[in-house]
Amino acid sequence: MLTELWNDAEGGFHPASAPDFLPETALKQVQLRRLRAVVSLAYDNVALFRARMQERGLAPDSIQRLEDIQQLPFTVKADLRDTYPFGLFATPMSDVVRLHASSGTTGKPIVVAYTREDVGVWSEVMARTLACCGLHRGDILQNAFGYGLFTGGLGAHYGAEALGATVVPISGGNSDRQIMLIRDFGVSALCCTPSYFTYLIERAAELGVDMRSLPLRAGIFGAEPWTDGMRDHIEAAAGIKAYDIYGLSEIIGPGVASECSAQQGLHIFEDHFYPEIIDPETGESLPDGEEGELVLTTLSKKAMPMIRYRTRDITSLISEPCECGRTIRRMRRIGRRSDDMFIIRGVNVFPSQVEAALLAVEGTLPHYQIILTRDQGLDQMSVEVEVTPEVFSDKIRALEDVRARLAKAIEHILGIRVGLRLVEPRSIARSEGKAKRVIDRRNEGA
Amino acid sequence: MKLQQLSLFLENRPGRLGAPLEAIAKEGINILTLSLADTAQFGILRLIVREWDKAKQVLEDAGWVVNLTEVVAVDVLDRPGGLAEALAVLEGAGLNIEYMYAFSLRRGDKAILIFRFEDPDRAIAVLLEKGLHVVDGDELLSVVSC
């Protein structure tokens, strides 16, 4: 009965979404109860965590109020590498029903584990994510996140089933077939990385398919930072609403936070994931509204609880009420990650800054890549930008002018000299997962 | 009176010129003339072909960014000072030439030059008024096929 009621409301609600609307006092009670339980679980079962607590003279009973979380030690990505593969598990393998791992581009991958209960929580938060993006029973969701060790595919899959939507488990890649099924099945929503969807729009146009004429109405995009300019481009070119979702394997996978119809920040499912913002330099906690590094604590994970995990993502928390009616707090869209950042000639550079400059000059975001090299001991940064029909001209002078304007816009934002090369369309490799924006060749060869 | 010229963007590195030419050759499209403008990093290949719309499609399908521009073909006397006389006409009328290149064929005592003007319509009017011969598409094709 209730399910019917929720599904009839096109507002994207579902019974699973109920905790999104908890009054603040009730939410805080749930958070404190769960925090105390997870700290006890980690203290009793994870040697690294217990040792760090003891070093600080802390015991699980030290947590009396929510604010006491600030006394707890941080967990960082290196901890997962150092304890590879199973060192941070809090339950015996007999209780673990699933393992996932990062792709491990450098060294050992990061391994994460789920009990049956954890998989249930994950399905719930992903169902809440999809409901937040306006999906409901009757929607056909094409899931183009990769299935496998990456958490994206299975996370979205379980969530969509929990919601009651119809899943097309196509996984990543095979773009022509993606486009065929979007058209033939009347797919109404699609999830993948924003950079891959940009490529799908491009490919569809080549195949003579106009995405705007299809029933597709929502794109659920995550796994990499993207800009508002990229969103405007996607929404206009595909005739859809493009939602930003957020998650990371170390915490659970996708399903940590999601935009709602207001598209003004991402609601954090904070009854399961407790957010804090800290100064990334000093580790000091910062109040809501101030920008800093996002730190998350899993309040209900059993197999692998994460206490004060430093995400390296830079954002701020929004405690003001949202027009969608949800009471859980929001975070601003992640524009940059502290690990995407690179340092060149002493200047901190985020790819999103380069993106903003390219957007300002071209109006839409061209495919680009940043190449870092070292020439006689001096770091060099060059940006390769694919020529688009919008900027191409038969006149050398006009192209030189575009090149110069792009270089100037980037130099203006970064304050350092960059090389800028115009390259042929489609000469920069397309990714089916996270776009590779930075190629660092500084430590290759002599 | 105007001709359709295709331009495409090429990176300035070995082997880049061959690919687009092969793509249109495969479709049996004959190139009437071409010009290549380049900088250290990139070049612009400009083509005048028999079936420009088909060639444009073929190139775009193969992934090139193709630009379509109207240019003007002008007969110029093939003797010392021939070009200078034509240019004097254009200069006198204050017409701005963006760039120009020579057609690969000549007929009789005439050479054909391709001009890219800022304002091709006004350029044609001036040229005709001054008694210069502007070669149109059909005429160009008949010159090439004989």
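**Exercise 1.** Describe the contact between chain A and chain B in this predicted model, beginning with how many residues each chain gives.

*Solution.* Start with the residues: chain A brings 20 residues to the contact, and chain B brings 26 residues. Next, take the area, which comes to about 1900 Å² buried between the two chains, with 57% of it on carbon and sulfur atoms. On the side of chain A, Phe392(A), Asp394(A) and Glu424(A) supply 40% of the area that this chain buries against chain B, more than any other three residues.

**Exercise 2.** Work out which polar links join the two chains, and which elements of chain A take part.

*Solution.* Between chain A and chain B there are five salt bridges, and in one of these the side chains of Arg16(B) and Glu424(A) meet at 2.4 Å, N to O. Nine residue pairs, both partners at pLDDT 80 or more, are in polar contact across the two chains. The elements of chain A that give two or more residues to this side are α11 (396-414) and β21 (419-423), and α11(A) gives the most, with five residues. By class, the residues on this side of chain A are nine nonpolar, three polar and eight charged.

**Exercise 3.** Decide whether Lys301(A) has a salt bridge or lacks one, and find what its side chain reaches.

*Solution.* Locate Lys301(A) in the loop between β12 (292-298) and β13 (309-315) of chain A. Lys301(A) is buried, and the nearest side chain of opposite charge, Asp118(A), is 6.0 Å away; because a salt bridge needs the atoms within 4 Å, Lys301(A) has none. Its side chain instead has a polar atom 2.7 Å from the backbone oxygen of Ile251(A), and reaches the backbone oxygen of Met304(A) at 3.4 Å.

Methods
Residues are numbered from 1 along each chain as its sequence is written. Chains are lettered from A and ligands numbered from 1 in the order in which they are written. This is a predicted model: local features need pLDDT of at least 70, side-chain atom pairs count only at pLDDT 80 or more; totals for chains, interfaces and linings use all residues. Side-chain values use heavy atoms; hydrogens and water are left out. Contact means heavy atoms within 4.5 Å. Buried area is the accessible area (1.4 Å probe) that two parts lose on being put together, summed over both. A polar contact is a pair of N or O atoms within 3.5 Å; within protein, one must be able to donate a hydrogen and the other to accept it, and residues adjacent in sequence count only if both atoms are side-chain atoms. Helices (H or I, at least four residues) and strands (E, at least two) are DSSP runs, numbered from the N terminus. Ala, Val, Leu, Ile, Met, Phe, Trp, Tyr, Cys and Pro count as nonpolar, Asp, Glu, Lys and Arg as charged, and the others, Gly among them, as polar. Buried means under 20% relative accessible area, exposed over 50%, partly exposed in between (1.4 Å probe, protein chains only). Lys and Arg count as positive and Asp and Glu as negative; His and the chain ends are not counted.
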